[in-house]
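Me: I have a chain open in the viewer and would like to talk through its surface, its overall form and its charged pairs. Could you take my questions one by one?

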Amino acid sequence: MTIKIQVDSSSEIGTYIKLTNTFCIVPVTLSKKAFIALRSELGKNFPVLLSNVLSSKYQGRLIACNSKGILLPPQPTPEEFASLKNSVPDSIVVKYSEENLNTLGNCICVNDFTALISPDLSKKTEELLSDTLGVEVFKTYVGQFSLVGSYCVLNNQKGLVHPNISCEEQDFLTELLQIPLRTATVNRGSETLGSGIITNDWHSFCGQKTTQPELQIIDTWLHGKV
């Protein structure tokens with residue numbers, strides 16, 4: 001099921017929050033109202049982790065993660081790293097990269113099996129991502145965009161990509177990911193799906209500005225519900 005929420009009066013919820021099948025990462029500054037909305041949908045026993053990496057509220061923009069691991073941007077403080085590491089189950093691998101780019105969440109679109117990453121990322125980060133998250137990694141564009149995490153959103157069953165993509169490009173990405181894809185928008189026509197939607201195999205959240213037709217497409221495609 002897909003629920004509309006906002007964070008700090010913003011519908012760009014994916015810039016703040018990361019959601020996987022095993023945990024959800026939120027900024028320490030998350031409002032009580034947004035926290036309650038997440039908790040109500042995810043369930044009281046689903047781990048919601050408070051993170052303050054780089055002292056930023058934009059945790060979704062900075063972090064790449066799936067059910068198996070978390071990759072942080074360069075140079076988190078020892079306290080920030082330890083706080084997040086101590087919050088997750090022992091089975092979750094937590095590492096940080098030495099990439100020049102801090103916004104890993106914008107550059108990486110990943111589920112539990114496959115990652116699409118920006119061609120701008122280094123080979124070292126590519127290998128670290130594969131090792132940390134246990135995925136097969138492909139450097140690619142989504143249409144004309146290198147920030148693949150901004151223009152594509154995935155769970156383990158299906159994915160959404162921005163609408164200005166050719167059928168050939170969509171088929172190519174479908175072949176890489178081995179899951180069905182379709183085009184969509186969020187937040188009244190926004191193509192930055194990664195900023196407007198967070199999803200796992202059972203739940204999705206989208207920005208408050210999302211229209212009812214957009215919501216129906218997102219929910220029906222990702223979860224088979226109207």
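Me: What share of the exposed area of the chain do carbon and sulfur atoms supply?
Reply: Happy to help, and do keep in mind that this is a predicted model. The chain exposes about 10000 Å². Of that area, the part supplied by carbon and sulfur atoms is 50%.

Me: What is the radius of gyration of the chain, and which value would a compact globule have?
Reply: The C-alpha atoms fill a box of roughly 45 × 40 × 25 Å along the principal axes. For 226 residues, a compact globule would come out near 17 Å. The chain agrees with that, as its own radius of gyration is 16 Å.

Me: Which residue does D8 meet in a salt bridge?
Reply: A search of the whole structure turns up four salt bridges. D8 sits in the loop between β1 (2–5) and β2 (18–19), and its partner lies 49 residues away in the loop between β4 (48–51) and α2 (59–62). The N to O distance is 3.6 Å, and the partner is K57.

Me: Is D131 buried or exposed?
Reply: D131 belongs to helix α5 (residues 123–133) and pairs with K95 of strand β7 (residues 93–96). Their side chains form a salt bridge at 2.6 Å, N to O. K95 is partly exposed at 30% relative accessibility. D131 has 52%, and since the cut-off is over 50%, D131 counts as exposed.

Me: How many residues apart are K123 and E126 in helix α5?
Reply: The side chains of K123 and E126 meet in a salt bridge of 4.0 Å, N to O. E126 counts as buried, with 14% relative accessibility. About one helical turn separates the two, because their spacing in helix α5 is three residues.

Terms used:
Residues numbered from 1 in each chain as written. Predicted model: local features only at pLDDT ≥ 70, side-chain atom pairs only at ≥ 80, totals over all residues. Heavy atoms only, no water. Rg over C-alpha atoms; globule rule 2.2 N^0.38 Å. Areas by Shrake-Rupley, 256 points an atom, 1.4 Å probe, with all protein chains shown as cover. Helix = DSSP H or I, 4+ residues; strand = E, 2+ residues; numbered from the N terminus. Buried < 20%, exposed > 50% of the residue type's maximum accessible area, 1.4 Å probe, protein only.
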